[in-house]
Amino acid sequence: MKTNNQPVFRLDGAVSDAHLAYFREHGIIQFKNFLDKETLALTIREVEHVQELLLRNNVQKINGIPLKFGTDADGSPLIQRIAFASHYSNVLRSLLKDERLQSLTQLLGNYEGRIGENEKDGLVINHYVNTEASQFRQLGWHTDSPRDLFLGSRILPMLNVGIHLDDCPLENGGLRVLPGTHRQGILKLLFRKKYFIDNNPDKREVGFDIEAGDLTIHDGRLWHRVQQSPWTGEKSRRRVMYIPIITGAYAPKHAQSPTPFYHKLAQAKQYLYGGKPQWATVKGAEKNLAKVNSSSI
């Protein structure tokens with residue numbers, strides 16, 4: 001496995017021709033220092049605020065998307081995957097309006113794109129940490145495209161935009177990709193690897209040295225995974241916010257949206273391998289969601 005050897009890119013304004021050319025070839029691009037230190041600190045505080053709010057109100061599901069729960073390094077409750085996080089924070093909502101993020105739609109080529117704040121899973125916060133009770137340490141090989149099939153539509157181009165909140169050098173695990181696989185045919189897109197089950201390294205995969213505040217963008221058709229950290233506790237912590245940039249008909253989610261089939265499979269796996277922590281109560285969660293929406297901003 002090798003480190004990505006791309007040029008050092010910065011997104012100071014709009015996407016440039018050099019950015020476009022690199023992305024079209026590889027299906028992945030990294031921008032350094034997208035968030036300055038002050039904005040990064042504010043964003044992390046807001047992420048912590050959203051988690052506290054959801055835990056306090058025993059919310060288990062947002063717009064049909066289940067939250068993933070675990071235990072932090074100090075034994076405290078932790079939400080390891082939050083969907084639609086910007087719905088509970090003006091700061092995060094404002095971040096999505098950043099003109100630099102809006103310019104990323106150019107990476108979709110001839111397709112007209114938009115930031116899917118209210119679609120797919122919205123702004124997602126992934127929180128990886130290695131503890132004995134962690135439910136979310138790694139993520140097997142997958143592309144982001146088949147979810148369109150599960151939702152009854154054809155596969156459309158999309159971008160997954162990651163804002164990294166922690167330093168993650170290559171040796172700490174993190175994002176791994178197979179560059180160029182965004183140009184593969186439909187059979188390889190669906191069957192090249194066993195979705196989410198296969199965690200094995202690939203001799204062609206590329207990893208990244210990521211610093212807090214960096215931005216990564218990958219084409220949804222690109223094969224990628226998240227490598228587990230070799231360390232435990234605080235040293236293993238990796239927080240990433242993912243924003244979908246999507247195309248096609250506008251399809252917002254709401255409180256009565258059904259849970260997609262692939263999330264039900266993930267829930268079944270969680271119950272099979274340890275279940276939910278005892279503090280994560282399900283009873284009354286949907287009723288609490290309306291209260292959270294009204295009191296969070």
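A polar contact is a pair of N or O atoms within 3.5 Å; within protein, one must be able to donate a hydrogen and the other to accept it, and residues adjacent in sequence count only if both atoms are side-chain atoms. The model is predicted, so local features need pLDDT of at least 70 and side-chain atom pairs pLDDT 80 or more, while totals for chains, interfaces and linings use all residues. Residues are numbered from 1 along each chain as its sequence is written, and side-chain values use heavy atoms, leaving out hydrogens and water.

**Exercise 1.** Find the place of His 142 and its surroundings.

*Solution.*
- Start with the strand: His 142 lies in β9 (residues 139-142), a strand being a DSSP run of E with at least two residues, numbered from the N terminus.
- Next, check cover: His 142 has a relative accessible area of 5% and is therefore buried, which means under 20% (1.4 Å probe, protein chains only).
- Then look for a polar contact: the His 142 side chain reaches the backbone oxygen of Gly 140 at 2.8 Å.
- Finally, list contacts (heavy atoms within 4.5 Å): beyond neighbours within four places in sequence, His 142 touches residues including Tyr 195 and Trp 223.

**Exercise 2.** Describe strand β8 (residues 124-128) and its partners.

*Solution.*
- Begin with cover: five of the five residues in β8 are buried.
- Now sort the directions: Val 124, Asn 126 and Tyr 128 point one way, Ile 125 and His 127 the other.
- Turn to pairing, which needs at least two DSSP bridges between two strands. Strand β6 (residues 77-82) runs antiparallel to β8, with two bridges, and Arg 81 stands opposite Asn 126.
- Last, β15 (residues 238-246) is also antiparallel to β8, with five bridges; there, Tyr 242 partners Val 124.

Definitions and conventions. Helices (H or I, at least four residues) and strands (E, at least two) are DSSP runs, numbered from the N terminus. Buried means under 20% relative accessible area, exposed over 50%, partly exposed in between (1.4 Å probe, protein chains only).
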